[in-house]
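Colleague: I have a fresh model open and would like to practise reading it with you. Could we go through it feature by feature?

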Amino acid sequence: MVNVTQESIVSTAMFFGYLTNNDMGSAKLMLLEAAKNWKQAFVDTQRKFPHQDRGLANATTVAQLESKMWIIEELQTLKIEPKSVCILAGWYSNFLTPLLFEKMNVDFIHNFEMDNDVKEISYKFNKRYKIEKRYKCDIVNVMFDSVWKKQKIGDTNFDMIVNTSCEHMFPMRKFREINMRLSGNPIYVLQSTDDDQYDDHINCVSDPEELANQANFSELLYGGTKVLNSGMKRFMVIGR
Ligand SMILES: C[S@@+](CC[C@H](N)C(=O)[O-])C[C@H]1O[C@@H](n2cnc3c(N)ncnc32)[C@H](O)[C@@H]1O
């Protein structure tokens with residue numbers, strides 16, 4: 001039996017991505033840079049953060065990719081074009097950040113995480129954007145501390161807030177309460193599940209309506225349900 005290395009898996013995935021992309025110029029360079037970053041992220045994580053092994057495997061599944069591509073598809077359908085995006089509890093942001101930059105032409109992404117290892121690993125997957133100062137990750141427990149405090153003078157207002165980890169925290173109305181001073185009128189993209197078999201799924205919902213209600217939406221632009229490749233049912237709502 002031949003052992004397939006992580007590098008082979010990543011380069012094969014990038015290859016198929018490249019095949020489906022007709023732009024021969026900047027897209028090719030972007031893919032090669034992404035492949036280098038991903039390879040190094042896998043190598044460094046296994047060496048420096050061996051306890052994150054399971055997390056890394058869980059974050060790089062077909063279901064993960066499917067749930068993040070779902071966001072892009074619905075934003076494109078709704079013709080929403082965010083420029084400055086705030087991601088809450090974005091984990092390594094290995095899929096979502098590149099998808100938002102490359103498929104939605106987003107300018108800037110700020111991920112607010114509470115796990116320091118996660119922050120470092122997210123910088124490895126997104127090294128190319130960090131160098132360009134387009135991707136930033138700060139340590140914040142978004143249920144207890146506001147994100148606007150981390151905004152610097154001159155930073156643009158967020159026009160979109162994404163949270164694909166709603167099942168891991170209090171209802172999103174709590175976030176809204178402690179972030180009243182966030183200016184602009186950002187669109188919220190929220191995902192959750194009814195799968196309560198995991199200890200850290202502390203706030204599952206039974207349908208998209210419950211998820212929208214938890215966030216006190218006054219305007220619902222999209223609500224849907226998808227059974228992912230893993231068998232997990234996920235809900236997504238987009239609104240204000
Ligand atoms: C398992 S991961 C993400 C799972 C999610 N289903 C997804 O697909 O994106 C959950 C992440 O949420 C982060 N997290 C949970 N509660 C948080 C909070 N209150 N503030 C910031 N980050 C939080 C954890 O550190 C972890 O990286």
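Modeller: Gladly, and let's begin at the ligand. The shell around the ligand has seven nonpolar, six polar and two charged residues. Keep in mind that this is a predicted model.

Colleague: Which residues come nearest to the ligand?

Modeller: Out of 15 residues around the ligand, the nearest are Ala 89, Met 114, Asp 115, Thr 164 and His 168.

Colleague: Stepping back, how do I judge the chain as a whole?

Modeller: Compare its radius of gyration with a rule for globules. A compact globule of 240 residues would have a radius of gyration near 18 Å, and the chain agrees because its own value is 18 Å. Along the principal axes, the C-alpha atoms fill a box of roughly 50 × 45 × 35 Å. Of the 240 residues, 32% count as buried. Taking contacts between residues at least 6 apart in sequence, 72% join residues at least 24 apart.

Colleague: How many helices and strands does the chain have?

Modeller: There are nine helices and seven strands. Helix α4 is a good one to study.

Colleague: What span should helix α4 have at 1.5 Å a residue?

Modeller: Its 17 residues, 62-78, should span 24 Å, and the end C-alpha atoms are indeed 24 Å apart, so the two agree.

Colleague: And which residues of α4 are buried?

Modeller: First the general idea: an α-helix has 3.6 residues a turn, so residues three or four places apart point the same way. In α4, the buried residues are Gln 64, Ser 67, Lys 68, Ile 71 and Leu 75. These cover an arc of only 90 degrees around the axis, which means that they sit on the same side of α4. On the other side, Val 62, Glu 73, Gln 76 and Thr 77 are exposed.

Colleague: What do the buried residues of α4 pack against?

Modeller: They pack against two helices and three strands: α3 (53-59) and α5 (96-104), along with β4 (160-163), β5 (187-193) and β7 (233-239). Look just past the helix as well, where Lys 79 takes a positive phi of about 60 degrees.

Colleague: Let me try α5 then. Which of its residues are buried, and what covers them?

Modeller: Leu 96, Thr 97, Pro 98, Leu 100 and Phe 101 are the buried ones. Their cover includes α2 (26-48), α4, β1 (84-88), β2 (108-113), α7 (127-131) and β3 (135-139). Just after α5, Asn 105 has a positive phi of about 55 degrees.

Colleague: How do I decide on single residues: is Phe 112 buried or exposed?

Modeller: Count the neighbouring C-beta atoms within 10 Å; 20 or more makes a residue buried, 12 or fewer exposed. Phe 112, in strand β2, is buried because 24 other C-beta atoms lie within 10 Å. Leaving out residues up to four places away in sequence, Phe 112 touches Cys 86, Leu 88, Asp 138, Val 140, Val 142 and Val 147.

Colleague: And where does Arg 134 lie?

Modeller: Arg 134 is in the loop between α7 and β3, and its 16 other C-beta atoms within 10 Å make it partly exposed. Beyond its neighbours within four places in sequence, Arg 134 contacts Phe 101, Asp 107, Phe 108, Ile 109 and Tyr 129.

Colleague: Finally, why does Asp 200 count as exposed?

Modeller: Asp 200 has 8 C-beta neighbours inside 10 Å, so it counts as exposed. Its place is in the loop between β5 and α9 (208-214).

Methods:
Residues numbered from 1 in each chain as written. Predicted model: local features only at pLDDT ≥ 70, side-chain atom pairs only at ≥ 80, totals over all residues. Near = placed C-beta within 6 Å. Nonpolar A, V, L, I, M, F, W, Y, C, P; charged D, E, K, R; others polar. Helix = DSSP H or I, 4+ residues; strand = E, 2+ residues; numbered from the N terminus. Expected span 1.5 Å × (residues − 1). Arc of directions from axis to C-beta. Contact = placed C-beta atoms within 7 Å. Rg over C-alpha atoms; globule rule 2.2 N^0.38 Å.
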